[in-house]
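Trainee: Please take a close look at the largest pocket of this model, and then at what lies around it.

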Amino acid sequence: MRPTTDDEVVDIVRFAIREGLQIRVVGAGHSFTPLVQTGGILVDLSGLSGVTGVNAEAKRARVRGGTPISEIGGDLWDLGFALSNQGDIDKQSISGAISTGTHGSGIDLGSFSASLRWVRLVNGHGEIVEIGEDQIDELRAAQVALGTLGIFLEVELQVVDRYYLQERITYPTWSQTVSTWDEDIDGNRHYSFLWCQQDASAALYELPTPEGESMVNRSYTKRYNAVDVDDTDADHTEGSRRDRSYRIYPGGFMIPFHELEYYVPREHGRAAVEAVQDLIRDVHPDQEYPIEVRWVKGDEGLLSPFYHRDTTVVSVSGAPGTNYWPYLRDVDAVLSQFDARAHWGKIHFMTRERIARIYPEFEKFVDIRRRFDPNGIFLNDHTRALLA
């Protein structure tokens with residue numbers, strides 16, 4: 001179903017309650033896990049889209065739940081504001097990005113979820129309710145809820161004054177990468193890299209590489225920093241682009257892949273990356289996809305992967321149509337020793353018992369979820385096993 005008004009969403013939810021059906025909401029379909037699958041009603045919120053207003057004094061923007069991230073930047077810019085950070089992909093709906101803890105990179109920058117300050121949703125009672133900063137536990141639950149509290153009609157995000165970014169792409173060896181590890185993490189607004197283990201690795205993510213140079217044991221490194229320029233200074237030279245922030249963040253990763261993305265405390269980041277490198281060299285030398293490494297600031301979301309810790313992000317991928325499961329299971333085992341958490345929208349091996357162990361306020365989240373949706377109409381088989 002594709003509602004175009006809030007009342008239509010309410011009607012859908014009340015129909016599901018009467019008929020004993022389950023509901024899941026579909027965004028851009030970017031998740032690799034069965035978050036959306038349902039034998040009941042699938043709701044497409046693309047008809048509920050757009051920036052609805054800005055509070056300039058508080059630097060808050062309200063956005064309809066089905067709005068693609070790609071459509072937010074230009075509208076905010078015209079109003080003098082911008083999202084504080086974005087990732088490489090901007091096709092997700094804003095409610096999907098919030099619900100799964102989607103993020104960019106930058107040790108002083110939080111995920112989309114961390115910027116949520118208010119939400120208006122339809123709960124499992126078929127009622128439109130609001131959650132604001134005066135309901136702190138409920139808001140912390142809504143920040144990463146996997147769509148299990150209800151259908152997000154509208155969200156309010158903390159935004160920042162609009163800004164321009166300067167890109168710098170480099171190709172250091174691994175020894176060079178680790179020699180400036182903390183300096184790069186702390187000294188750049190946005191810092192990330194992809195470590196390549198084979199000559200074929202870079203092409204799998206369509207990464208431009210220096211002519212005549214092998215990428216084996218070398219990193220493709222991105223640094224973005226704010227610069228004081230204007231539109232007349234825009235430059236789209238590959239590797240040194242300069243433009244409005246929302247035009248610089250997205251790009252690349254168009255070739256299909258299946259991804260596992262885990263999160264470890266920042267202080268264990270280098271050890272975790274090197275443990276996965278050793279796993280590839282010693283056990284899975286046939287795996288060619290690069291390791292992507294990023295950083296995210298800690299936050300307060302009850303089910304956020306970044307709950308109470310600054311985080312190093314470690315992402316690995318498998319080629320569609322191949323048996324990548326042994327490799328991904330081994331990566332899971334290697335990273336679990338670093339108290340790893342998982343990206344909720346990507347392949348993972350989390351169980352309810354494991355989640356309860358690594359999320360100190362897990363039971364508080366479950367209690368709130370049950371209060372908002374006592375009959376579990378927003379659950380499916382996947383989320384029920386984890387959060388019922």
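Mentor: The pocket comes first, then a histidine, then the nonpolar cores and two backbone angles.

This is a predicted model, in which local features need pLDDT of at least 70, side-chain atom pairs count only at pLDDT 80 or more, and totals for chains, interfaces and linings use all residues. Residues are numbered from 1 along each chain as its sequence is written, and side-chain values use heavy atoms, with hydrogens and water left out.

The largest pocket has a volume of about 780 Å³. A pocket here is an open set of points on a 1 Å grid over the protein atoms alone, where a 1.4 Å probe fits, with protein on both sides within 12 Å along at least five of seven lines; lining residues have an atom within 4 Å of a point. Grid points are joined across faces, edges and corners, and the volume is the space filled by probe spheres set on them. There are 47 lining residues, and Ser31, Gln92, Gly96, Ala97 and Thr100 are the closest to the centre. Two or more lining residues come from each of strand E1 (23-26), helix H3 (94-100), strand E8 (151-158), strand E14 (258-265) and strand E15 (291-296). H3 gives the most, with 5 residues. Helices (H or I, at least four residues) and strands (E, at least two) are DSSP runs, numbered from the N terminus.

His343 sits in the loop between strand E17 (341-342) and helix H11 (352-358). His343 is buried, at 4% relative accessible area; buried means under 20%, exposed over 50%, and partly exposed in between (1.4 Å probe, protein chains only). Leaving aside neighbours within four places in sequence, His343 is in contact with Thr100, Thr102, His103, Glu261, Tyr263 and His348, where contact means heavy atoms within 4.5 Å.

The largest nonpolar core has 74 residues, and Ile94, Val155, Val276, Leu303 and Leu335 have the most contacts inside it. Helix H9 (residues 269-282) gives the most to this core, with 6 residues. Such a core is a set of buried Ala, Val, Leu, Ile, Met, Phe, Trp, Tyr and Cys residues joined through side-chain atoms within 4.5 Å. Beyond four places in sequence, the contacts of Leu303 include Val144, Leu146 and Trp344.

Leu146 has a positive phi of about 55° although it is not a glycine. Leu146 lies in the loop between helix H4 (136-142) and E8 and is buried, at 3% relative accessibility. Asp339, also not a glycine, has a positive phi near 60°, but is partly exposed at 37%.
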